[in-house]
Amino acid sequence: VIRTTDGGNSWYGSQIAGAYHLEHIHFPSQNVGYSSGPDGIYKSTNGGVTWSNITPNEFADYWGCYFIDENIGLVIGGGCNGTQRFYRTSNGGQSWTLFQGNEPNSGLTDLILYNPNGLGYAVSSGRLWQTTDGGFTWSVFASSGSNIWQEEITNAGNSFLLPYAGINCSGQGQDGGMRFTTDKGLTWNNYKTGE
């Protein structure tokens, strides 16, 4: 993990033992932050200088994380070879609750949580998920197309932008693009980049 304290003029690195593949990083405050990927989820309480492992269990297919504040957040993953897993904590990773989805062949990647007891969205291969209880339970509410790996999620009102990669659930293959909706997933525009 590299960090800057002067707006990008200089950078400092930290190595996290055992974390060879990290995908997401999220700091809900200046000092407390979280980073996640297939090797687990890690927490920093000193602005990214050092990190501790707070991975929920032996499950090894984590991907994205999102924290609404220093304590409440989720780490998610799975789906291409089994069930989708939404791990939620309300105490900064000391303990976790698990919700499992059952959407065939759909790798869970990224999420946004707006309210600790309310609305949030997540994205998986070809699917858009919603929570209305702060991440305790989730359901698919829109299909964006074929079950191709969707890497990120951006939301503004009824609009969602979902970049995708590859030709299958796990993002393998040389193709890519973006899927965009302005009506909360009823219809989608698809832009293929070919890369």
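**Two loops, a hairpin and an open sheet**

Let me start in the loop between strand 10, residues 97-101, and strand 11, since that is the place of N105. This is a predicted model, and in it the phi of N105 is near 55°, a positive value in a residue other than glycine. As a reminder of the background, most residues other than glycine have a negative phi. With a relative accessibility of 41%, N105 counts as partly exposed, because the partly exposed class covers what falls between 20% and 50%.

From that loop the chain leads to strand 11, which spans residues 108-113 and has six of its six residues buried, so strand 11 is largely enclosed by the rest of the structure. What is the partner of strand 11, and in which sense do the two pair? The partner is strand 12, residues 120-124, and the pairing is antiparallel, over five bridges. Within this pair L108 stands opposite S124 of strand 12, and the connection from strand 11 to strand 12 is a hairpin that runs through six residues.

Let me now turn to another part of the chain, where four strands form an open sheet in the order 15-16-17-18, with antiparallel pairing. The edges of this sheet are strand 15, residues 154-156, and strand 18, each of which pairs on one side only, and from one strand to the next the twist averages 15°. Inside that order, strand 16, residues 159-165, is joined to strand 17 by six bridges, the two running antiparallel, and here L161 stands opposite F180 in strand 17.

That opposed pair comes back when we look at the surface, for L161 and F180, together with M178 and Y191, make a nonpolar patch of about 350 Å². Where does Y191 sit, in terms of the strands? Y191 is found in strand 18, residues 189-192, which is one of the edge strands of the sheet. At 52% relative accessibility Y191 counts as exposed, because the cut-off for that class is over 50%.

I would like to finish with the loop between strand 17, residues 176-181, and strand 18, where K184 lies. Like N105 in the loop where I began, K184 is a residue other than glycine with a positive phi, in this case near 60°. The relative accessible area of K184 is 31%, so this residue is partly exposed.

Notes
Residues are numbered from 1 along each chain as its sequence is written. This is a predicted model: local features need pLDDT of at least 70, side-chain atom pairs count only at pLDDT 80 or more; totals for chains, interfaces and linings use all residues. Side-chain values use heavy atoms; hydrogens and water are left out. Patches are made of residues with over 30% relative accessible area and no salt bridge: like charges are joined within 9 Å, nonpolar side chains (Val, Leu, Ile, Met, Phe, Trp, Tyr) within 5 Å. Accessible areas come from the Shrake-Rupley method with a 1.4 Å probe; for residues, only the protein chains shown count as cover. A salt bridge is a side-chain nitrogen of Lys or Arg within 4 Å of a carboxyl oxygen of Asp or Glu. Buried means under 20% relative accessible area, exposed over 50%, partly exposed in between (1.4 Å probe, protein chains only). Two strands pair if DSSP finds at least two bridges between them. Axes are lines fitted to C-alpha atoms, for helices over the stretch in contact, and angles run from 0 to 180 degrees between N-to-C directions.
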